[in-house]
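Here is a report on one protein model. It moves from the whole chain to single residues and their partners.

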Amino acid sequence: SASDTEPCGLSGSITVTIDDKDNNNVVSSGDVVTASFAQCRDSATSSINGAIAITLTGTPTATQFAASANFQNIVVTEDGATSSIDGAVTVAENDMALDTQTTLSVGSGGLTAQTVSSGYTDSVTFAAGFVIQTDEATSGASTSVSLSGTLSAQSLGGSITISTPQALVQLSSDNYPNAGQVIVTGASGSAVRATVLDNTQVKVDLDANGDGTYESTATVAWTSLIV
């Protein structure tokens, strides 16, 4: 393995360690790259502390990349706001002629992200197996996103399960998706189903008692759902 420590712009340091597991002197499956931040400051109002270890789970090629990232209590402070992330996620990317597919999957210990500032505080924990899949057109004209899994958040006061029976599709020229469907289910079984009508409107169905029947329906503007 090889290690190099460099000073940060203002104070502190960053140490990068490369562990060539098979000693073949090329980047290959099993190799580990670790970046450790020791009170690294590039300005008086920003700092980063903690470590991230990236383990290759496949030998990279021109079209494919697979790895796991282990965030070890990374804490970032920027202009009075403090954000942290802790946990592991696997990453798989496949570059094809017409699109790039990326899959993020939360590891067995879950993944927690927290933000604290003077005006906003929240903590979100993604349960093991939470998956985010994106498919971006090579031309950059559109992106589709699929979500699956359970998360809990301080702002929600509990946990929810998210699924996308139809991937959300958004054109690069639009502010909101123009197609797709999302179902959000609460701990008690109550559910909200949002079906995208176009890039301005969404049909929202509510199953308040969790019996599998959506009792009420409304059509709302994207701008009323996302501020």
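Among contacts between residues at least 6 apart in sequence, 32% join residues at least 24 apart. Contact here means heavy atoms within 4.5 Å. This is a predicted model, where local features need pLDDT of at least 70, side-chain atom pairs count only at pLDDT 80 or more, and totals for chains, interfaces and linings use all residues. Residues are numbered from 1 along each chain as its sequence is written, and side-chain values use heavy atoms, with hydrogens and water left out.

**Overall build**

The secondary structure comes to one helix and 15 strands. Helices (H or I, at least four residues) and strands (E, at least two) are DSSP runs, numbered from the N terminus. The C-alpha atoms fill a box of roughly 60 × 45 × 35 Å, taken along the principal axes. The protein has 227 residues, and 27% of them count as buried. Buried means under 20% relative accessible area, exposed means over 50%, and partly exposed lies in between (1.4 Å probe, protein chains only). The accessible surface comes to about 12,500 Å². Carbon and sulfur atoms hold 55% of that surface. Accessible areas come from the Shrake-Rupley method with a 1.4 Å probe; for residues, only the protein chains shown count as cover.

**W222 and its surroundings**

W222 lies in helix α1, residues 222-225. Is W222 buried or exposed? Its relative accessibility is 8%, so W222 counts as buried. Leaving aside neighbours within four places in sequence, W222 is in contact with Y176, P177, V196, D198, N199, T200, Q201 and V202. D198 also offers its backbone oxygen, which lies 3.3 Å from a polar atom of the W222 side chain. F71 is another matter: W222 and F71 are 34 Å apart in space, C-alpha to C-alpha, and 151 residues apart in sequence.

**Aromatic pairs**

A pair of aromatic rings is described by the distance of the centres and the angle of the planes. Rings of Phe, Tyr and Trp (its six-membered ring) pair if their centres lie within 6.5 Å; planes under 30 degrees apart count as stacked, over 60 as edge-to-face and the rest as tilted. The structure holds two aromatic pairs. F126 and F130 form an edge-to-face pair, 5.0 Å centre to centre with 70° between the planes. F126 has 22% relative accessibility, so F126 counts as partly exposed. F130 is at 3% and therefore counts as buried. The Y176 and W222 rings have centres 5.6 Å apart and planes at 5°, so this pair is stacked. The stacked pair links distant parts of the chain: Y176 sits in the loop between β11 (158-171) and β12 (179-186), W222 in helix α1, 46 residues apart. Y176 is buried, with a relative accessible area of 18%.

**Salt bridges**

The structure holds two salt bridges. A salt bridge is a side-chain nitrogen of Lys or Arg within 4 Å of a carboxyl oxygen of Asp or Glu.

| Salt bridge | N to O distance |
|---|---|
| D19 and K21 | 3.0 Å |
| R193 and D205 | 3.0 Å |

Which parts of the chain does the pair of R193 and D205 tie together? R193 lies in strand β13 (residues 191-196) and D205 in strand β14 (residues 201-207), so the pair ties together parts that are twelve residues apart in sequence. R193 is partly exposed, with a relative accessible area of 25%. D205, at 2% relative accessibility, counts as buried. In the other bridge, D19 counts as partly exposed at 25% relative accessibility, and K21 counts as exposed at 51%.

**A surface patch and a threonine contact**

V16, I18, V33, I54 and F65 form a nonpolar patch on the surface. Together they have about 360 Å² of accessible area. Patches are made of residues with over 30% relative accessible area and no salt bridge: like charges are joined within 9 Å, nonpolar side chains (Val, Leu, Ile, Met, Phe, Trp, Tyr) within 5 Å. F65 lies in strand β5, residues 64-78. F65 counts as partly exposed, at 35% relative accessibility.

T15 is found in strand β2, residues 11-19. Its side chain is joined to that of T5 by a polar contact of 2.8 Å. A polar contact is a pair of N or O atoms within 3.5 Å; within protein, one must be able to donate a hydrogen and the other to accept it, and residues adjacent in sequence count only if both atoms are side-chain atoms. Not counting residues up to four places away in sequence, T15 touches S3, D4, T5, T34, A35 and S36.
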